[in-house]
Structures are given as C-alpha cells and as structure tokens.
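Trainee: Can we go through this one together? I have the sequence and the picture ready.

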Amino acid sequence: MSIDQLSGAAAFQKAFRGDIITPSSASYEDARKVWNGDIDRRPLAVVRPTNDQDVSAALQFAQEAGVPLAIKGAGHSYAGHSMVEKGITIDMWNFQQAEADLANHRVKAGGGARLGAVDNALVPHGQVMPAGVVSHTGMPGLALGGGVGYNSRSFGLTCDQFIRLKVVLLTGEVVHASETENPDLFWALRGGGGNFGVVTEFECRTHDLGPYTWGFLAYPSSQSVEISEAVIELARTAPRAFGVSISYGIPAQKFGLSVPESRDTLVTVMVYHRGTPEDDIIKKVKAIGKPLLDTVEINDFLTLQTMSDEKAKAGIGWYMKSGYTKEVKRDLLEWMSEASVDYTLNVSSPHVERDIYTLQLLGGAIQDTPEEATAYTGREAQWHSAVECGFTTPAERERIVSWIQESWKTNSSYFDMDASYVNLNTDDGDEPVKKIFGAKYARLQEIKSTYDPNNVLALNWNIKPLA
Ligand SMILES: Cc1cc2nc3c(=O)[nH]c(=O)nc-3n(C[C@H](O)[C@H](O)[C@H](O)COP(=O)(O)OP(=O)(O)OC[C@H]3O[C@@H](n4cnc5c(N)ncnc54)[C@H](O)[C@@H]3O)c2cc1C
C-alpha cells in the first residue's frame with residue numbers, strides 16, 4: 001500500500017503546502033527516525049505541514065483514508081508515540097519557532113519547538129520558562145504531559161505556564177484553549193497529552209531567572225544512604241528556589257576519581273538553585289559529608305540546560321520507568337544504591353553513559369496549582385524516582401530491559417503513592433494510563449469523547465473515548 005492508493009490522496013497532495021515524505025523519498029529514513037532507537041516503524045508518509053490549514057488537511061486526509069495517525073513534536077517520547085506503522089505521521093518540523101514578548105513575560109512557541117529554542121529566546125534576556133533538562137527534547141509532548149525541570153519548584157510545571165493554546169481539532173477547525181475559551185479542553189491539555197487535537201502554538205508565561213548556582217557533589221557509593229538522608233532532611237525546609245537530584249551507581253572515572261573501597265562508584269548530588277553560593281541553603285548542602293568533588297558554583301544556566309544533550313543523544317535504544325512518592329523510605333535508598341552499583345558493574349552497556357536510578361526533588365510551586373485544576377496528576381509528590389538505561393544491540397536490550405523490569409518491581413514497592421509521570425515511562429496500555437490519571441480518567445474520557453470520539457489520536461498515553 002502506498003499513500004497514492006489512499007482515498008482522497010490526490011486532493012490532499014494538491015492542497016498540502018508542506019513536504020510529503022514517502023518510502024521513495026531520499027529523506028524517508030531520516031524522517032521516520034525518533035529519539036528512541038528502540039522504535040523502528042515505517043509510516044506510509046511523514047507529512048510536514050507549514051501552517052494550520054496544512055495540519056487540518058492532514059488530519060482530514062488520514063481520517064478519510066482510514067489509516068492510523070501519529071503527531072510528532074520532536075519525537076522524544078520514550079514509548080515512540082510520534083511514529084506510526086503503515087499510517088501517517090504529522091511531523092511539526094516547520095513549527096519550531098519560539099518568540100519572546102519580554103515586556104509582558106510571555107513566549108509563543110510553535111507546535112514543534114525544541115526546548116533549546118525556547119531557552120534561546122528567553123535566557124539571554126534574563127527570563128525563563130520552566131521546562132525540561134535536555135535542549136533537543138520537544139516542548140509539545142513535554143508540556144502537554146506536564147513538564148518537569150530544574151525550575152519547577154520555583155515556577156511550577158511547564159503546563160502551569162500555559163496562557164492560550166491554538167489547537168487544530170480533528171474536525172479541521174482551528175480553536176483556542178484558555179481559562180475562558182474551551183476551558184474543558186484547556187484543562188485536559190494541561191497533562192492529558194496529545195489526545196485531543198494538534199497544538200500549533202503555545203502561549204506561555206515566563207519568569208525572571210536571576211543568578212544561577214549549580215554543580216555536583218560526589219561521594220563514595222558506600223555513603224549513598226547517609227548522604228541521601230541528609231539531603232532529604234535538608235530538602236524538607238529548603239526554599240523553592242533550590243532543587244536537587246541524587247544519582248546512584250555513577251562510575252567514578254566519569255569525574256576522574258578512584259574509590260576502590262566503593263567499587264569505583266559514586267553517589268552524586270546535583271544542585272540547581274536560583275540564587276548564589278552565599279545563600280544559606282547552598283552552604284548547608286555543601287556541608288553535608290565530605291564530598292570527593294564539589295563543583296557547585298555560580299554558573300551559566302544555558303550551559304546547564306545543554307549539559308546532558310550529548311549523553312542523551314538520539315539513536316540508541318532506551319527503556320525507562322518512573323514513579324512518585326511523598327516520603328522516601330530508607331529501604332528505597334538502599335535499593336536504589338545497591339541496584340545501581342550492580343547495574344554499573346554487571347549489566348550496563350559499555351557504549352552508553354547515563355545515570356541509572358535518580359531521585360529528584362519536586363514540590364514547591366508545583367503544589368501552588370490545585371490537583372483538580374489540571375489533568376496532570378500527582379502534585380502531592382515530593383520526590384520522583386526514575387530508572388533509565390540505554391542499549392545498543394539486541395542482546396544488550398534483552399539483558400537490560402529485563403533487569404529494569406525486575407528491579408522496578410522492588411523499587412516501586414517502596415513508594416507511598418500509586419502514580420507516575422506520563423512522560424517518563426516506556427510502557428503503555430490501558431492499565432498504566434488509568435493509574436496515571438486516577439480519579440481524573442473519567443473526566444478525561446468525557447472530554448476525549450467530545451474532541452476525538454473515534455480515538456483517531458490513539459498514539460499517546462491513550463484515553464479511551466466513552467463507548
Ligand atoms: C532526552 C530526554 C530528556 C527528557 N527530559 C525531560 C525533562 O527534563 N522533563 C520532562 O518533563 N520530560 C522529559 N523528557 C520526557 C519528555 O517530556 C517526553 O519524551 C515528551 O514526549 C517529549 O516531547 P516531544 O514533543 O519530543 O515528543 P513526541 O515524541 O514528538 O510526542 C509525544 C506525544 O506528544 C504528542 N504531541 C507531540 N506534539 C504535539 C502537538 N504539537 N500537538 C499535540 N500533540 C502532540 C504526540 O502525539 C505524542 O503522543 C525527556 C525525554 C527525553 C528523550
């Protein structure tokens with residue numbers, strides 16, 4: 001089957017202004033790639049709209065032709081939701097622009113914008129929109145699922161910054177969603193993902209950034225539990241300008257260190273703080289234990305935002321699990337530390353550099369928005385625990401994925417919440433989605449039934465329309 005054989009193909013090809021990339025196009029192999037190299041799908045076409053009318057035409061064509069559809073922002077979904085087998089992928093490639101309105105503390109970002117574009121429009125001018133930590137990640141998928149990053153405790157989730165979204169509906173109609181225009185749709189788009197239409201423009205609030213302090217404290221793995229407990233205690237009363245992530249089982253050689261008594265592995269405490277090293281909280285965190293390394297100092301925020309770009313580069317396979325908890329039990333710390341060291345020494349791919357288990361502090365401004373105010377679920381979480389591993393061959397895949405699946409059963413048994421973040425998980429299927437949205441799933445189903453009664457937009461953390 002080729003796109004030419006589909007019902008309505010000739011009219012679509014005539015009306016559509018953007019590129020239509022098919023298996024016979026030179027750019028097809030590139031166009032069908034997504035970030036996670038574990039996803040290998042062959043669409044009938046990847047179409048790249050140039051404006052809202054093109055998006056509308058593509059949506060209508062896929063529905064008339066009766067083929068499956070995917071929407072691609074920057075293609076970073078762990079689950080590979082933005083590429084479709086034997087269907088049409090609408091790739092928002094031509095919607096990557098980000099334009100700041102500094103005077104009004106706003107930014108407009110296109111439905112295919114990468115986080116780097118948003119940062120580049122704002123950060124050199126002293127403003128920021130809270131989002132994720134790798135600059136080639138897509139803002140669309142990230143923001144529609146929530147959006148967690150270094151400044152979430154200061155300013156809230158990315159979806160909390162939404163002022164007004166432009167959305168092309170499955171009917172082809174272009175509408176806006178805000179507190180006053182289609183408020184149900186606006187509620188659902190703040191956490192409910194790509195279930196309801198194609199967002200072609202995000203208008204968001206921005207914030208003053210100020211001086212930034214960040215860096216790493218590193219300790220031998222043998223001290224993981226004690227160091228983590230001290231950080232967790234400090235975090236209970238930390239100002240919201242302060243953020244921290246703890247990573248386990250880090251090879252010491254990564255920091256040029258040698259710690260034979262800890263099997264050459266480290267626990268690292270990554271500190272990110274909107275303030276200066278003179279602030280009390282920074283003095284306190286630096287005073288924890290006796291770090292082998294301390295790089296926490298005033299530093300450039302854009303460097304922080306791009307620091308992980310290379311190690312998180314596209315193309316290799318990735319598998320990830322994550323979940324929320326309010327309190328961190330000692331058992332969880334012991335497990336994350338031991339499991340991570342075991343992974344680094346016995347399981348990992350020699351070709352992949354990535355943290356294994358991490359624990360990230362949430363709370364702060366994320367909790368300013370009431371839980372019921374948006375579809376995003378889990379605001380009461382204080383910590384996010386995640387495991388993420390990469391692989392480059394089928395044999396590594398088998399070894400590593402089964403290791404995570406087994407390890408995760410124990411890890412998640414120590415959480416006090418039965419919830420997780422849509423954007424940072426690989427698996428899909430009905431049960432995880434219902435679990436993720438909990439009591440909000442029924443309202444999301446009603447809204448899905450209004451905007452996508454036939455579940456045309458099914459490649460996402462899928463909310464099933466009511467029968
Ligand atoms: C290297 C890396 C780092 C990450 N870091 C963070 C982080 O710091 N914080 C965080 O919160 N998350 C993070 N994530 C997870 C990230 O939020 C998700 O992978 C997210 O899906 C990325 O968005 P995307 O547009 O690239 O996704 P895509 O794969 O393009 O799309 C994901 C979903 O969104 C839908 N979608 C995409 N664009 C649109 C649109 N314009 N309109 C409607 N629906 C659309 C798609 O249909 C699909 O269902 C990271 C992921 C990676 C791979």
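Trainee: Which domains is the protein divided into?

Mentor: There are three entries: domain 1 (3-91), domain 2 (98-208 + 435-451) and domain 3 (213-424). The bounds come from an automatic or database domain assignment. Residues are numbered from 1 along each chain as its sequence is written. This is a predicted model, where local features need pLDDT of at least 70, side-chain atom pairs count only at pLDDT 80 or more, and totals for chains, interfaces and linings use all residues.

Trainee: How many residues of domain 1 are in contact with domain 3?

Mentor: In domain 1, 5 residues are in contact with 6 residues of domain 3; contact means C-beta atoms, placed from the backbone, within 7 Å. The domain 1 side of that has 2 nonpolar, 2 polar and 1 charged. Here Ala, Val, Leu, Ile, Met, Phe, Trp, Tyr, Cys and Pro count as nonpolar, Asp, Glu, Lys and Arg as charged, and the others, Gly among them, as polar.

Trainee: And how far apart are their centres?

Mentor: The C-alpha centres of domain 1 and domain 3 are 36 Å apart.

Trainee: New topic. Which residues come nearest the ligand?

Mentor: Of 37 around the ligand, the nearest are Gly 73, Gly 132, Gly 138, Gly 141 and Gly 194. To count, a residue's C-beta atom, placed from the backbone, must lie within 6 Å.

Trainee: Which element gives the most to that shell?

Mentor: Helix α5 does, with 5 residues. Helices (H or I, at least four residues) and strands (E, at least two) are DSSP runs, numbered from the N terminus.

Trainee: What is the shell's make-up?

Mentor: The shell has 17 nonpolar, 19 polar and 1 charged.

Note on methods
Two residues are in contact if their C-beta atoms, placed from the backbone, lie within 7 Å.
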